[in-house]
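Trainee: Hi, I'm new to this one. Can you walk me through it?
Mentor: Sure, bring it up and ask away.

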Amino acid sequence: MKVGIVSDSHGNTRAIDAMLAHPAAQGVRLWFHAGDVVPDAEYLAMMTDTEVVRVTGNCDWPDERVRDDEVRDVEGHRIFLTHGHIYGVRYTTRMLREQAEACGADIAIYGHTHVAELSPGELTVLNPGSVARPRDAATGSFAVMELVPGKRPAVRLVRFSAENTINGVYVNTIQ
């Protein structure tokens with residue numbers, strides 16, 4: 001199953017549209033939005049007619065319908081999703097890893113830092129960076145993950161620019 005992962009969109013629906021126009025986003029059957037800003041996850045769901053698992057971030061207003069953490073079982077994998085600010089991810093992922101392992105997860109997804117990370121292992125830890133406000137590159141990023149029961153997740157980080165779309169069509173790939 002192809003899964004999309006996005007974070008830190010901060011109200012920039014143009015960046016979400018550009019992400020969705022990228023060829024790597026085609027065929028995604030489930031999206032994870034790691035926070036900042038919850039209405040963007042709702043926009044993503046509306047634009048793709050696909051389920052979006054979402055969490056609140058430090059820039060979100062309190063919303064009793066959306067939690068700080070989510071755990072989902074997908075294709076034989078247990079995925080822990082959080083924004084990360086309550087786990088101090090700007091400094092270390094130790095507390096995030098401990099919480100994910102306590103939940104029995106083999107994949108942990110977070111955001112908050114606006115810096116992409118992929119740490120494979122018994123617990124795959126990943127941050128898709130920021131789709132709208134990257135701090136580690138000049139272009140936004142998101143991730144796609146292929147999940148197959150009994151196999152380690154195959155994750156690809158995708159870099160793109162909102163300027164590379166014309167009328168909703170992606171015209172150049174930045175990797």
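Mentor: One term before we start. Helices and strands here are DSSP runs, numbered from the N terminus; a helix has at least four residues and a strand at least two. Keep in mind that this is a predicted model.

Trainee: Okay. Where is the place of Asp 8, then?
Mentor: Asp 8 sits in the loop that runs between E1 and H1.

Trainee: What is its phi?
Mentor: Asp 8 has a positive phi, about 50 degrees, yet it is not a glycine.

Trainee: Is Asp 8 buried or exposed?
Mentor: Buried. Its relative accessibility is 0%, and the cut-off for buried is under 20%, so Asp 8 counts as buried.

Trainee: What about Asn 12, where is its place?
Mentor: Asn 12 also belongs to the loop between E1 and H1. At 29% relative accessibility, Asn 12 counts as partly exposed.

Trainee: And which residues is Asn 12 in contact with, leaving aside neighbours within four places in sequence?
Mentor: Asp 40 and Ala 132.

Trainee: How far are the C-alpha atoms of Asn 12 and Leu 30 separated?
Mentor: By 20 Å, with their positions 18 residues apart along the chain.

Trainee: New topic, the inside. Which residues touch the most other members of the largest nonpolar core?
Mentor: Met 19, Trp 31, Leu 44 and Phe 142, out of 19 residues in that core.

Trainee: Which elements give two or more residues to this core?
Mentor: Two helices and two strands: H1 (13-21), H2 (38-48), E9 (140-146) and E10 (154-160). H1 supplies the largest share, five residues.

Trainee: Is there another core apart from it, and what residues are in it?
Mentor: Another core lies apart from this one and has 17 residues, including Met 1, Leu 30, Leu 81 and Leu 147.

Trainee: Why would nonpolar side chains be buried together?
Mentor: I can only give you the general trend: in soluble globular proteins, nonpolar side chains tend to be buried together.

Trainee: Back to Met 19. What is it in contact with, leaving aside neighbours within four places in sequence?
Mentor: Val 6, Ala 25, Trp 31, Leu 44, Val 131, Phe 142 and Phe 160.

Trainee: Some of those are aromatic. How many aromatic pairs does a search of the whole structure find?
Mentor: Three. Take Trp 31 and Phe 142: their ring centres are 6.3 Å apart and their planes are at 45 degrees, so that pair is tilted. The pair links distant parts of the chain, since Trp 31 is in E2 (residues 30-33) and Phe 142 is in E9, 111 residues apart. Both Trp 31 and Phe 142 are buried.

Trainee: What about Phe 142 and Phe 160?
Mentor: Those two make an edge-to-face pair, 5.7 Å centre to centre with 70 degrees between the planes. This pair also links distant parts of the chain: Phe 142 is in E9 and Phe 160 in E10, 18 residues apart. Phe 160 is buried, as is Phe 142.

Trainee: What do Trp 31, Phe 142 and Phe 160 form?
Mentor: One aromatic cluster.

Trainee: Helices now. How do the axes of H1 and H2 cross?
Mentor: At roughly 40 degrees, and the axes come within 11 Å. H1 and H2 are therefore oblique to each other. Their crossing is right-handed.

Trainee: Which residues make the contact?
Mentor: From H1, Thr 13, Ile 16, Asp 17, Met 19 and Leu 20. From H2, Asp 40, Tyr 43, Leu 44, Met 47 and Thr 48.

Trainee: Which residues of H2 are buried?
Mentor: Val 38, Asp 40, Ala 41, Tyr 43 and Leu 44. Their cover includes E1 (2-6), H1, E2 and E3 (52-54).

Trainee: And what follows H2?
Mentor: Asp 49, with a positive phi near 55 degrees.

Trainee: Last one. Where is the place of His 112?
Mentor: In the loop between E6 (107-109) and E7 (116-119). His 112 has a positive phi of about 75 degrees and is not a glycine. Its relative accessible area is 8%, so His 112 is buried.

Trainee: And Glu 64, buried or exposed?
Mentor: Exposed, at 82% relative accessible area. Glu 64 lies in the loop between E3 and E4 (69-74). The C-alpha atoms of Glu 64 and His 112 are separated by 20 Å.

Terms used:
Residues are numbered from 1 along each chain as its sequence is written. This is a predicted model: local features need pLDDT of at least 70, side-chain atom pairs count only at pLDDT 80 or more; totals for chains, interfaces and linings use all residues. Side-chain values use heavy atoms; hydrogens and water are left out. A nonpolar core is a set of buried Ala, Val, Leu, Ile, Met, Phe, Trp, Tyr and Cys residues joined through side-chain atoms within 4.5 Å. Buried means under 20% relative accessible area, exposed over 50%, partly exposed in between (1.4 Å probe, protein chains only). Contact means heavy atoms within 4.5 Å. Rings of Phe, Tyr and Trp (its six-membered ring) pair if their centres lie within 6.5 Å; planes under 30 degrees apart count as stacked, over 60 as edge-to-face and the rest as tilted. Axes are lines fitted to C-alpha atoms, for helices over the stretch in contact, and angles run from 0 to 180 degrees between N-to-C directions. Angles under 35 degrees count as roughly parallel, over 145 as roughly antiparallel, 65 to 115 as roughly perpendicular and the rest as oblique. A crossing is left-handed if the near helix is turned anticlockwise from the far one by less than a right angle, and right-handed if clockwise.
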